[in-house]
6 protein chains.
Amino acid sequence: MSAAIYPGSFDPITNGHCDIIRRIQPIFGEITLLLAKSPKKRPLFTVEERIALAEEALEGVPGIRIAAHDGLTVDYLRKTGVRVIVRGLRAVSDFEYELVMANMNKKLSPGVETMLVFASPEYYYVSSNTVKEVAMHGGSVKDFVPPGVAKALEAKFESR
Amino acid sequence: MSAAIYPGSFDPITNGHCDIIRRIQPIFGEITLLLAKSPKKRPLFTVEERIALAEEALEGVPGIRIAAHDGLTVDYLRKTGVRVIVRGLRAVSDFEYELVMANMNKKLSPGVETMLVFASPEYYYVSSNTVKEVAMHGGSVKDFVPPGVAKALEAKFESR
Amino acid sequence: MSAAIYPGSFDPITNGHCDIIRRIQPIFGEITLLLAKSPKKRPLFTVEERIALAEEALEGVPGIRIAAHDGLTVDYLRKTGVRVIVRGLRAVSDFEYELVMANMNKKLSPGVETMLVFASPEYYYVSSNTVKEVAMHGGSVKDFVPPGVAKALEAKFESR
Amino acid sequence: MSAAIYPGSFDPITNGHCDIIRRIQPIFGEITLLLAKSPKKRPLFTVEERIALAEEALEGVPGIRIAAHDGLTVDYLRKTGVRVIVRGLRAVSDFEYELVMANMNKKLSPGVETMLVFASPEYYYVSSNTVKEVAMHGGSVKDFVPPGVAKALEAKFESR
Amino acid sequence: MSAAIYPGSFDPITNGHCDIIRRIQPIFGEITLLLAKSPKKRPLFTVEERIALAEEALEGVPGIRIAAHDGLTVDYLRKTGVRVIVRGLRAVSDFEYELVMANMNKKLSPGVETMLVFASPEYYYVSSNTVKEVAMHGGSVKDFVPPGVAKALEAKFESR
Amino acid sequence: MSAAIYPGSFDPITNGHCDIIRRIQPIFGEITLLLAKSPKKRPLFTVEERIALAEEALEGVPGIRIAAHDGLTVDYLRKTGVRVIVRGLRAVSDFEYELVMANMNKKLSPGVETMLVFASPEYYYVSSNTVKEVAMHGGSVKDFVPPGVAKALEAKFESR
C-alpha cells in the first residue's frame with residue numbers, strides 16, 4: 001500500500017486540514033502528518049501543543065501517524081521510504097508556492113511526487129492564519145477548528 | 001490497491017501526458033486513460049487513432065488500461081468502482097478549470113476525489129493544442145510527442 | 001434609493017445568480033436583471049425562455065425587474081438613469097474579464113460604476129456553462145439551478 | 001439610505017483611496033473610513049496622524065465619516081448597523097485576500113456583504129506601501145498622494 | 001543594432017499597439033510588425049486592410065517595417081536573422097499564453113528571445129477584440145484606436 | 001548600442017540569474033547588474049560578498065558590469081543615461097509586482113522602459129530564497145547556483 005506524507009505547520013490544525021486528511025486517507029491507507037518543528041513564521045503553539053491538538057482532532061481516523069521534523073521534508077521521506085507528499089490547494093498563490101516546492105523536492109530527491117487536492121468549498125477561506133487572527137480579536141472560531149483547538153486558542157489569547 | 005482514472009482528450013497524447021502517467025502509475029498501481037469520445041472541441045484524430053497512438057506510446061509501462069467514454073467521468077467511475085481522478089496542472093488557468101471540475105464531480109458523486117500533479121518543468125509548455133499548431137505550420141514536434149505521434153501528425157497535415 | 005443593473009446571459013439562471021440577487025437587492029433596493037438578447041455564444045434558451053425561467057426563479061423576491069437588451073450595457077444605463085452595474089466574481093479569470101469591462105464601460109460612460117461581489121463558496125463552481133454540460137450528459141442539476149430550470153434543461157436535452 | 005464601511009490602514013491615505021471614496025460615496029450616501037488602529041504591519045503614521053491626513057484629503061467630500069477601530073471589522077458593523085463593506089481591487093493577489101476576508105466576515109456575521117470596486121487604471125500601481133518606499137528613497141510622491149500627505153511623508157523621512 | 005519583431009493579428013491596430021511600438025522602437029532601432037496572415041480567429045479586416053491601417057497609424061514613426069507572414073514566427077525570424085520577439089502584456093491570462101509561446105519558440109529556434117513590455121495603464125483594457133465589440137454595438141472607439149481605424153470600423157459595421 | 005540595467009538583490013546570484021544575463025547580453029550589448037545595497041529583506045551576504053560572487057559567476061561573459069546602489073533604481077538610470085530595466089519573470093506573483101514597479105518607475109522617470117524575460121523552465125523554481133532555505137537545511141544546491149556560490153552558502157551555514 002502506498003503511504004503519503006502531509007507536511008505543514010499545523011499551528012493549529014483546522015477543519016480544513018481534517019477534511020483533507022479524511023478524504024485522502026482511504027486513498028493512501030496511511031497518512032503521516034509531518035509537523036515542521038520550527039516553521040519560518042514563529043508558531044503560536046509549541047510543537048508538543050500542535051501534536052496534541054492534532055491527535056485529539058484526528059482521534060478515531062484510521063491510518064494516521066503524527067511526526068515532527070526539523071529540516072528538509074525530502075530527508076524525512078528518504079528515511080521512511082515514503083515517496084508521496086500530499087498538499088492542499090486553496091488559492092492561486094498556493095498554486096505557485098506548491099509548484100516551486102514540488103519541483104524543488106523532486107530535484108532534491110527524484111523519486112518523490114507531490115500530489116495536490118483542492119480544499120472543499122466550505123473550507124476554502126479557512127487557514128491557520130485567518131483562524132488565529134479571528135481568535136486574537138475575540139471572534140468565534142468554532143466553525144473553523146475542532147473543539148479542542150477552539151478551546152486552546154481561547155486560552156492562548158485570554159492569557160495575553 | 002488504489003486505482004486511478006486519468007481522463008482527457010489525448011488528441012494526441014504528448015510527452016507531457018506520458019511523463020505524468022509514468023510518475024503516477026507506481027503510486028496507484030493501475031491507471032486508466034479515459035479518452036473523451038467526443039470532446040467539446042472537434043478532435044483532429046478519431047477515437048480509434050487516439051487510442052492506438054496512446055497504446056503505442058505507453059507500450060511496456062505496467063498497469064495501464066486505455067478506455068473511451070461518452071458522458072460524465074463520474075458515471076464511468078461509478079461503473080468501475082474507481083474513485084480517484086488524476087489530472088495534470090500546468091498553469092493558473094488549468095488550476096481554475098480543475099477546481100471547478102473537481103468540485104462539480106465531487107458534488108455529482110461524493111466519494112470521488114481529484115488529485116493533481118504538476119507537469120514537469122520541461123513539459124510545462126507542451127500541450128496537445130500547441131503541438132498541433134506547430135505541426136500544422138510544418139514545425140518539428142519530435143521533442144514534444146512520442147515518435148508514433150510525430151509521424152501521425154505529419155501524415156495528417158501532409159494530406160491536407 | 002440607488003438602483004443597480006445585473007447584466008448577463010442567464011442561459012439559464014442558476015442558484016449562483018439567485019444567491020447574488022438575494023444578497024444585493026437589500027443594498028440597492030431595485031435590481032434589474034439585464035439579459036443580453038444575443039450573447040456572443042449562441043444561447044441554449046431563447047430570450048423569452050430565459051426571461052420566463054428567471055421570473056419563475058425570482059418570484060417573491062422584492063424589487064426585481066427583468067429586461068432584455070441588444071447592444072452596449074452603458075446605453076441601457078444611460079436610458080434608464082441607473083449608474084451601478086453589479087457583477088459576480090468567481091475566479092481569477094472572471095477578475096480579469098470584469099476589470100476590462102468595468103474600465104471600458106467607465107470610459108464609454110464616465111458616471112458608471114461596476115461593483116463586484118464574490119460568489120458564495122457553495123456556488124463557486126456553478127455556472128450556466130457547467131450546468132448545461134452536466135445536463136447534456138444526463139447528470140442531475142437539481143442542486144445547482146431552481147426547479148423550473150432543472151425541468152427546462154431536462155426537456156431541452158431529451159428532445160435532442 | 002444604504003451606508004457602507006471602507007476599512008483599511010490608510011498609512012497614509014493615497015490618491016487611489018480618495019478616488020474610490022469619491023466614486024462610491026454617491027452610491028452609498030454615507031461612507032465611513034474605518035482605520036485599523038493597530039494593523040498587522042507596524043504603521044509609519046500614528047492613528048491620530050492617519051486620521052488627520054484622511055480628514056484633510058477628503059475635506060469637502062460629502063457624507064464621509066472617519067473612525068478608528070481595534071478588532072474585527074464585523075464587530076464595528078454590528079455596533080453601527082451598517083452591513084456593507086467596500087474594498088478596492090487592484091491585482092489578482094488582492095482578489096484572493098479579499099475573497100478570504102469576505103467569506104470569513106460573512107461567516108462571522110451573516111448579514112454582511114463585501115462589495116468590490118476596481119482601482120482606476122491611473123492608480124492601479126499606487127499603494128500606501130509603494131508610496132512610502134518611493135518617499136523613503138527621496139523620490140517625489142506628489143502624483144500619488146494628496147498634498148498634505150506628500151508633506152507629511154517628506155517630514156517623516158527627513159527627520160530620520 | 002539589435003532589431004525586433006512585434007508579431008500579432010493587428011485586427012485592427014489599436015492605440016495600445018501604437019504605444020508599445022513607440023516605446024520599444026528607440027530600444028531596438030528597427031521594429032517589424034509581423035501580421036499573421038490567417039490568425040486562428042477569423043479576422044474582421046483582410047490582411048491588406050490591416051497592413052494599410054497599421055501603415056497609416058504609424059506614419060512618421062522611424063524604423064518601422066510592416067510584413068505579413070503565414071506559418072511559425074520562428075521561421076520568419078530565421079529567414080531575416082532577427083532574434084528578438086517583443087510582446088505586450090496586459091493581464092495574467094496574457095502572461096500564461098506568452099510563457100507557453102516563448103518557451104515553444106525558444107525550443108523550436110534556440111537563439112530566439114521573447115521580451116515583454118507591460119501595456120500602459122491607460123491602454124490596459126484596450127484590445128482589438130474589445131474595440132471591435134464596442135464598435136459593433138455602435139459605441140465610440142475614438143479613444144482606443146487611431147482615427148483611420150475608427151473610420152474603418154464604422155464603415156465595416158455600417159455596411160452590415 | 002542600447003545598454004540595460006538588471007537590478008536585484010542577488011543574495012546570492014543563482015543559475016537562474018546567470019541564464020537570463022547570458023540570454024539578454026547579446027541583445028543589449030552591455031548589462032549592468034545593479035545590486036540593491038540594502039534590500040528590504042535583511043540580506044544573508046554583505047554587498048561586497050554579493051558582488052564578489054556575481055563577478056566570479058559571470059567571469060568571461062562579455063559586456064557585464066556590476067554596481068551597487070542605494071535608493072531608487074530610476075535615480076541610477078538617470079545618472080548613467082541608461083533607459084532600459086530588464087527583469088526576469090517566473091510566476092504570476094512576479095508579474096504583478098513587476099507591473100507595479102514598471103509603472104511606478106515610468107511615472108517617476110518617463111523615459112524608462114522595463115522589459116521582461118521569462119525564466120527558462122529548468123530555472124522556474126530557482127530563486128535566491130529557495131536556494132538559501134535548501135542550503136540552511138543542509139540540502140545540496142549545486143544544481144541551482146554557480147560553484148563559488150555553493151561553497152559560500154555552505155560556509156555561511158556551517159559557521160552558524
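**Exercise 1: The contact between chain C and chain D**

*Task.* Work out how many residue pairs (both at pLDDT 80 or more) are in polar contact between chain C and chain D, and which elements of chain C supply at least two residues each of its side of the contact.

A note before you start: this is a predicted model, in which local features need pLDDT of at least 70 and side-chain atom pairs count only at pLDDT 80 or more, while totals for chains, interfaces and linings use all residues. Residues are numbered from 1 along each chain as its sequence is written, chains are lettered from A and ligands numbered from 1 in the order in which they are written, and side-chain values use heavy atoms, with hydrogens and water left out.

*Solution.*

1. Start with the polar pairs: there are three residue pairs in polar contact between chain C and chain D, both residues at pLDDT 80 or more. A polar contact is a pair of N or O atoms within 3.5 Å; within protein, one must be able to donate a hydrogen and the other to accept it, and residues adjacent in sequence count only if both atoms are side-chain atoms.
2. Next, the elements: helix 1 (15–28), strand 4 (84–89), helix 4 (92–108) and strand 5 (113–118) of chain C each give at least two residues to the side that touches chain D. Helices (H or I, at least four residues) and strands (E, at least two) are DSSP runs, numbered from the N terminus.
3. Helix 4 of chain C has the largest share of that side, with eight residues.
4. Sorted by type, the residues on the side of chain C that touches chain D are 17 nonpolar, three polar and seven charged. Here Ala, Val, Leu, Ile, Met, Phe, Trp, Tyr, Cys and Pro count as nonpolar, Asp, Glu, Lys and Arg as charged, and the others, Gly among them, as polar.
5. The contact (heavy atoms within 4.5 Å) takes 27 residues from chain C and 28 residues from chain D.
6. About 2400 Å² is buried between chain C and chain D, and carbon and sulfur atoms give 72% of that area. Buried area is the accessible area (1.4 Å probe) that two parts lose on being put together, summed over both.

**Exercise 2: Symmetry of the pair**

*Task.* By what turn can chain C be laid on chain D, and which residue of chain C comes closest to the rotation axis?

*Solution.*

1. A turn of 180° with a shift of 0.0 Å along the axis lays chain C on chain D, with an RMSD of 0.0 Å. Copies are superposed by least squares on the C-alpha atoms of residues with pLDDT of at least 70 in both.
2. The two copies are therefore related as by a two-fold rotation axis.
3. Leu116(C) is the residue of chain C that comes closest to this axis, at 2.4 Å (C-alpha).
4. Both copies use the same surface, since 100% of the contact residues of chain C recur in chain D.

**Exercise 3: Salt bridges, across and within chains**

*Task.* Follow the charged partners of Arg23(D), then decide whether Asp11(D) is buried or exposed.

*Solution.*

1. Two salt bridges are counted between chain C and chain D. A salt bridge is a side-chain nitrogen of Lys or Arg within 4 Å of a carboxyl oxygen of Asp or Glu.
2. Across the interface, Arg23(D) meets Glu113(C) in a salt bridge (3.0 Å, N to O).
3. Within chain D, Arg23(D) also forms a salt bridge with Asp19(D), the closest N and O atoms being 3.2 Å apart. Both residues lie in helix 1 of chain D, four residues apart, about one turn of the helix.
4. Check the burial: Arg23(D) counts as buried at 10% relative accessibility, and Asp19(D) is buried with a relative accessible area of 17%. Buried means under 20% relative accessible area, exposed over 50%, partly exposed in between (1.4 Å probe, protein chains only).
5. Now turn to Asp11(D), whose side chain meets that of Lys132(D) in a salt bridge (2.8 Å, N to O). Asp11(D) lies in the loop between strand 1 (4–8) and helix 1 (15–28) of chain D and Lys132(D) in helix 5 (residues 128–136), so the pair ties together parts that are 121 residues apart in sequence.
6. Asp11(D) counts as buried, at 4% relative accessibility, and Lys132(D) counts as buried at 13%.
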